[in-house]
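Trainee: I have a new structure open and no idea where to begin. Can you walk me through it?

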Amino acid sequence: MKQVDAAVVQRELTRLITDCLIIPDKAVTKALTEIRTDSEIERTAAAIIVENNIIAERERLYCCQDTGQALFFVKLGDEVVCQGLTDAINGAVHDAYKTARKSVADPLTRKNTDDNTPAIIEYTLTRGDALEITFLAKGAGSENMSRLYMLTPADGEQGIIDSVVDAVKKGGKNACPPLIVGVGIGGVTETACSLSKRALLRPVGQNSERADVAALEKETLKRVNALGIGVAALGGNLTALAVNIETAPTHIGMLPVAVNLQCHSLRHGSVKF
Amino acid sequence: MNTIYPKKLRLPSDIAHIKDLRMGEIVMLSGTVYTARDQAHKRLAAAIENCEQLPFPLDGAAIYYCGPTPAAEGQIIGSCGPTTSARMDAYTPLLLDNGLKVMIGKGVRSDDVTQAIKEHGAVYLSAIGGAAALYQSTVRTCELIAYPDLGCEAVYKLTVEDFPAMVTIV
């Protein structure tokens with residue numbers, strides 16, 4: 001059995017969280033730098049976001065004031081032990097968010113937890129001796145605009161495309177475009193929601209390895225960008241940078257489709273132990 | 001940047017001129033804005049309903065929907081981009097009835113709020129969501145003036161200079 005020291009995990013995660021909150025995914029900044037549009041306002045908005053990301057990195061400022069709720073996706077091998085892992089993850093959130101915004105509150109009283117805990121953690125048990133932890137910061141602006149559609153098998157691919165377009169049409173303007181659209185199809189309700197969130201972690205611009213899913217991603221992206229919402233929702237043709245679809249087998253009587261919208265401040269990263 | 005954003009708007013001195021703004025125009029704001037988001041709006045609305053004194057004069061005021069990150073050492077404010085305006089829609093007509101003239105945030109407003117903004121000769125400006133570090137660099141002064149227990153949702157009086165935004169409802 002491999003042993004991993006929880007104190008090391010806490011220290012490394014604290015550093016990862018801070019770096020992620022300052023510097024968003026560089027693929028997004030690159031895409032905004034290379035934007036091709038006829039709209040002057042969209043070009044201006046893209047230039048402002050690029051400038052923002054340059055200032056954030058240079059001045060070590062958080063790229064967005066909504067430093068989000070802290071999400072973790074943990075792959076834990078069955079030949080590795082890390083005693084106190086959940087506490088270490090929450091400890092890292094507590095430490096890293098000392099200088100970031102405390103955005104987590106009781107849902108009824110709205111009383112703030114004051115250190116951005118508890119972290120939202122999904123554990124996946126795997127074979128082997130690897131421990132891999134992926135962090136994703138999720139702000140309210142985009143998460144609030146996410147949706148779940150319980151379609152029927154008869155709705156098929158057209159129903160899936162229409163659902164994604166509906167979600168972006170209804171919520172895209174509030175979700176800080178250009179968006180990454182995560183889509184989870186299949187399983188039961190929470191499977192679809194989890195897949196839609198995990199879909200955001202895929203490198204921007206990389207389509208699914210499944211040819212039929214990749215084709216569906218491309219077609220859906222085309223439809224989403226035809227909505228004309230554009231960068232910062234000021235009108236234009238870059239509403240989304242990617243539609244990423246993840247699937248899981250589902251019941252013969254079901255077709256759950258979860259759509260998770262991610263703002264352009266895509267803040268994520270992984271660390272292995 | 002002045003070539004991209006030609007129009008200057010000073011707050012509160014240019015309040016009388018906001019009726020001349022046109023939809024889609026880019027403006028560079030300078031002057032006083034008050035931050036307020038969900039919980040501050042709830043308290044402002046309750047104070048109005050209970051005829052209590054407000055923490056700042058609402059008449060002719062500009063509210064920025066924003067909850068900044070804490071200021072780093074040596075800084076006056078942390079990152080401070082706009083939050084989603086639609087969550088304030090429930091309180092906005094009441095605030096407009098009491099003199100609010102300028103709102104700065106991101107995203108769409110309800111039909112009721114759009115109509116109320118027009119009826120009151122007010123203006124809604126869209127800031128660029130996620131450009132929080134850039135907006136931080138436009139803040140010259142920052143003073144905590146109300147509801148410190150709300151943390152980032154407290155009301156701060158900010159003086160900004162050349163803060164870019166787009167006229168969205170007027």
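**The interface**

Mentor: Chain B and chain A bury about 2,500 Å² between them, with 65% of that on carbon and sulfur atoms. Keep in mind that this is a predicted model.

Trainee: Why quote an area?

Mentor: The size of an interface is often given as the accessible area lost when the parts come together.

Trainee: OK. How many residues of each chain are in contact?

Mentor: On chain B, 35 residues are in contact with 29 residues of chain A.

Trainee: How many salt bridges does the rule find across the interface of chain B and chain A?

Mentor: Zero. For polar contact, the rule finds twelve residue pairs across that interface, both partners at pLDDT 80 or more.

Trainee: Which elements of chain B are used there?

Mentor: Helix H4 (132-136) and strand E7 (155-169) of chain B each supply at least two residues of the side that touches chain A. H4(B) gives the most, with four residues.

Trainee: And what is that side of chain B made of, by class?

Mentor: It has 18 nonpolar, 14 polar and three charged residues.

Trainee: Switching to chain A. What about helix H3?

Mentor: H3(A) covers residues 40-59, which is 20 residues. At 1.5 Å a residue it should span 28 Å, and its end C-alpha atoms are 28 Å apart, so the two agree.

Trainee: Which of its residues are buried?

Mentor: Among them are A:Ile41, A:Thr44, A:Ala45, A:Ile48, A:Ile49, A:Asn52 and A:Ile55. A:Glu42 and A:Asn53 are buried too.

Trainee: Is there a general reason to look at the spacing in a list like that?

Mentor: An α-helix has 3.6 residues a turn, so residues three or four places apart point the same way.

Trainee: What covers the buried residues of H3(A)?

Mentor: Both chains take part. The cover includes helix H1 (6-22) and helix H2 (26-33) of chain A, together with strand E2 (26-35), H4 and E7 of chain B.

Trainee: What comes after the helix?

Mentor: A:Arg60 follows H3(A), and its phi is positive, near 55 degrees.

Trainee: Back to chain B. Where is B:Arg109?

Mentor: In the loop between strand E4 (102-105) and helix H3 (111-119) of chain B.

Trainee: Buried or exposed?

Mentor: B:Arg109 counts as buried because its relative accessibility is 9%, and buried means under 20%.

Trainee: What does its side chain pair with?

Mentor: It makes a polar contact with the side chain of B:Tyr65, at 3.3 Å. Another polar contact, of 3.0 Å, joins it to the side chain of B:Thr92. B:Arg109 also touches B:Asp89, B:Met103 and B:Tyr124, among others. B:Asp89 is 20 residues away in sequence, with the two C-alpha atoms 6.7 Å apart.

Trainee: Any odd backbone spots?

Mentor: A few. The peptide bond from A:Pro177 to A:Pro178 is cis, with omega near 10 degrees. A:Pro178 lies in the loop between helix H6 (156-171) and strand E7 (179-186) of chain A. In chain B, a cis peptide bond joins B:Leu11 and B:Pro12, with omega about 5 degrees.

Trainee: And positive phi in chain B?

Mentor: B:Cys51 has a phi near 55 degrees and is not a glycine. B:Cys51 sits in the loop between helix H1 (38-49) and strand E3 (62-64) of chain B, and is exposed, with a relative accessible area of 72%. B:Asp162 also has a positive phi, of about 55 degrees. B:Asp162 is in strand E7 of chain B and counts as partly exposed, at 23%.

Notes: Residues are numbered from 1 along each chain as its sequence is written. Chains are lettered from A and ligands numbered from 1 in the order in which they are written. This is a predicted model: local features need pLDDT of at least 70, side-chain atom pairs count only at pLDDT 80 or more; totals for chains, interfaces and linings use all residues. Side-chain values use heavy atoms; hydrogens and water are left out. Contact means heavy atoms within 4.5 Å. Buried area is the accessible area (1.4 Å probe) that two parts lose on being put together, summed over both. A salt bridge is a side-chain nitrogen of Lys or Arg within 4 Å of a carboxyl oxygen of Asp or Glu. A polar contact is a pair of N or O atoms within 3.5 Å; within protein, one must be able to donate a hydrogen and the other to accept it, and residues adjacent in sequence count only if both atoms are side-chain atoms. Ala, Val, Leu, Ile, Met, Phe, Trp, Tyr, Cys and Pro count as nonpolar, Asp, Glu, Lys and Arg as charged, and the others, Gly among them, as polar. The expected span of a helix is 1.5 Å times one less than its number of residues. Buried means under 20% relative accessible area, exposed over 50%, partly exposed in between (1.4 Å probe, protein chains only).
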